[in-house]
Amino acid sequence: MLSLDVHKEIGELALSVSFESDGPVTGLFGPSGAGKSTLVNVIAGLTKPDKGRIVLGDEVLFDSRRSIDIPAHRRRIGYVFQEGRLFPHLSVRKNLDYGRWMTGAPDDPAELARVVAMLDIEPLLERRPGKLSGGERQRVAIGRALMMKPRLLLLDEPLASLDPARKSEIMPYLVRLRDKVGIPMVYVSHYARELQRIANVVVRLDAGRIIAIGGPEILTRADEAAFA
Amino acid sequence: MFELTPEEWTAIRLSLRIAIVATAVALPFGVAVAWLLARKEFWGKSLLDGLIVLPLVLPPVVTGYLLLIWFGRRGAVGSFLYDVFGIVFAFRWTGAALACGIMAFPLLVRPIRLSFEAIDRRLEDAASTLGANSFWRFITVTLPLALPGIIAGIILCFAKALGEFGATITFVSNIPGETQTISAAIYTYTQVPGGDAAALRLVLVAIVIAMAALLASEVLARRATRRLHGE
């Protein structure tokens, strides 16, 4: 269970949202500038809200009234960024291993094999991110976030930087992730079709506020057409 | 004609030692200051920035003289260091290293600062979501990504330290075997009759060392850049 009550002003945006979601996949939908990325950054701990409360499962990650603010590096929340953000100076294998390295968790070859197989990235392991295609890079980014065994996985427009062919290349991996791995996810997109395929709960944002919340059926044909 | 005399060898070895020690000691301070200037806003930042660049624009004799006043045996800092740690800078090779380090410091800081400023901060955010605290983010992401700038800074600092003349000779004089570097030796040889051959030999040596340093930096920087962009 993810429970959010977040208030944050950045520049033009006044983000003020409050909802609970049992997921497992919560979709954040809305136009650019609606506050979707700000909201996931707040959940990850990269942006500090002005006030509010964030609870994941039974742990309070942030509570302005009780002065609780667990730093990003201790939240164990995986984050797949729009542009991948792989470390350019490390091989794919070391990128995948980075989370384990930082948290001092023991080596887990079985987990590595499982993630590598699920994302089909075996042939990429010794390469550097500079030599990967956009689709390969996003698969590695998903793998890197999974390898840290997150309690929650944030995906911020993971397909937005890809062309349509690459998009349909990645989508099955994301569906597999939802069905087999069982980690709750928050999935940000301004493409209705993506969320219809992957999300169980959709939160529709506009100008920093929730204007609708419900199943994927709240996404209309007009939404599908908007960016199709 | 091309045979180097023992005195000339001494000057070369001393120059290398002074330049290497000056660079090695300045490096951690240089990285720290470059990081502060690139990443932090604080009171007196422009002042710190100006102080660091000052030796580049002041006449070297002025810097050398200020060092003599402060770090001489009776100077405010010099007497303290001597009384407490037994360290002497005045008229010693360590003093030459100090003068070279200070003169070369702006050249060390600038490329490192630029490379810190050029780093995509979002990679550091990615590292924090993967469990890296600020110390490990710096060690595993920031520092390796700044490596080309750090290499450039080291080479510039080393080359400047190797050639420094004005501040060094003012602060620690020109004592063969103790503070007489290649530059000081060349100067001495040009002042005595028949010293031209020796001066020319050292000029050649200075050119060779400078070229070697430049080549090394080129190779290292290219390798570091290649590491960052795939392969």
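Two strands are taken to pair if DSSP finds at least two bridges between them, and helices (H or I, at least four residues) and strands (E, at least two) are DSSP runs, numbered from the N terminus. By that yardstick, β10(A) and β11(A) form a hairpin with 2 residues between them, and A207(A), in the turn, has a positive phi of about 50°. The model is a predicted one: local features need pLDDT of at least 70, side-chain atom pairs count only at pLDDT 80 or more, and totals for chains, interfaces and linings use all residues. Residues are numbered from 1 along each chain as its sequence is written, while chains are lettered from A and ligands numbered from 1 in the order in which they are written.

Back to the hairpin. Strand β10 (residues 201–206) of chain A runs antiparallel to β11(A), and 5 bridges join the two. D206(A) has R209(A) of β11(A) as its bridge partner, and R204(A) is matched in the same way with A212(A) of β11(A).

The hairpin belongs to an open sheet of 6 strands in chain A, with the order β7-β8-β9-β3-β10-β11 and mixed pairing. At the edges stand β7 (77–80) and β11 (209–214) of chain A, each with a single partner strand, so one side of each has no neighbour in the sheet. On average, neighbouring strands of this sheet are turned by 20° against each other, direction ignored; angles here run from 0 to 180 degrees between N-to-C directions, and axes are lines fitted to C-alpha atoms, for helices over the stretch in contact.

At the β7 edge, β7(A) pairs with strand β8 (residues 152–156) of chain A in the parallel sense, over 4 bridges. Within that pairing, G78(A) stands opposite L153(A) of β8(A). Both faces of β7(A) are covered, with I77(A) and Y79(A) buried on one side and G78(A) and V80(A) buried on the other. A residue counts as buried if 20 or more other C-beta atoms lie within 10 Å of its own, as exposed if 12 or fewer do, and as partly exposed in between, with C-beta atoms placed from the backbone.

Chain B is another story: its secondary structure comes to 11 helices and 0 strands. Its C-alpha trace spans about 70 × 45 × 30 Å along the principal axes, and 40% of its 231 residues count as buried. Two residues are in contact if their C-beta atoms, placed from the backbone, lie within 7 Å. Among contacts in chain B between residues at least 6 apart in sequence, 77% join residues at least 24 apart.

Where the chains meet, 19 residues of chain B are in contact with 20 residues of chain A. On the chain B side, the elements giving two or more residues are α6 (121–129), α7 (134–145) and α11 (196–228). α6(B) gives the most, with 6 residues. By class, this side of chain B has 9 nonpolar, 6 polar and 4 charged residues; Ala, Val, Leu, Ile, Met, Phe, Trp, Tyr, Cys and Pro count as nonpolar, Asp, Glu, Lys and Arg as charged, and the others, Gly among them, as polar.

As for how two of these helices sit together, α6(B) and α7(B) pack at an angle of about 135°, with their axes 10 Å apart. The contact is made by L123(B), E124(B), A127(B) and S128(B) of α6(B) and by R137(B), T140(B), V141(B) and T142(B) of α7(B). These residues divide into 3 nonpolar, 3 polar and 2 charged.
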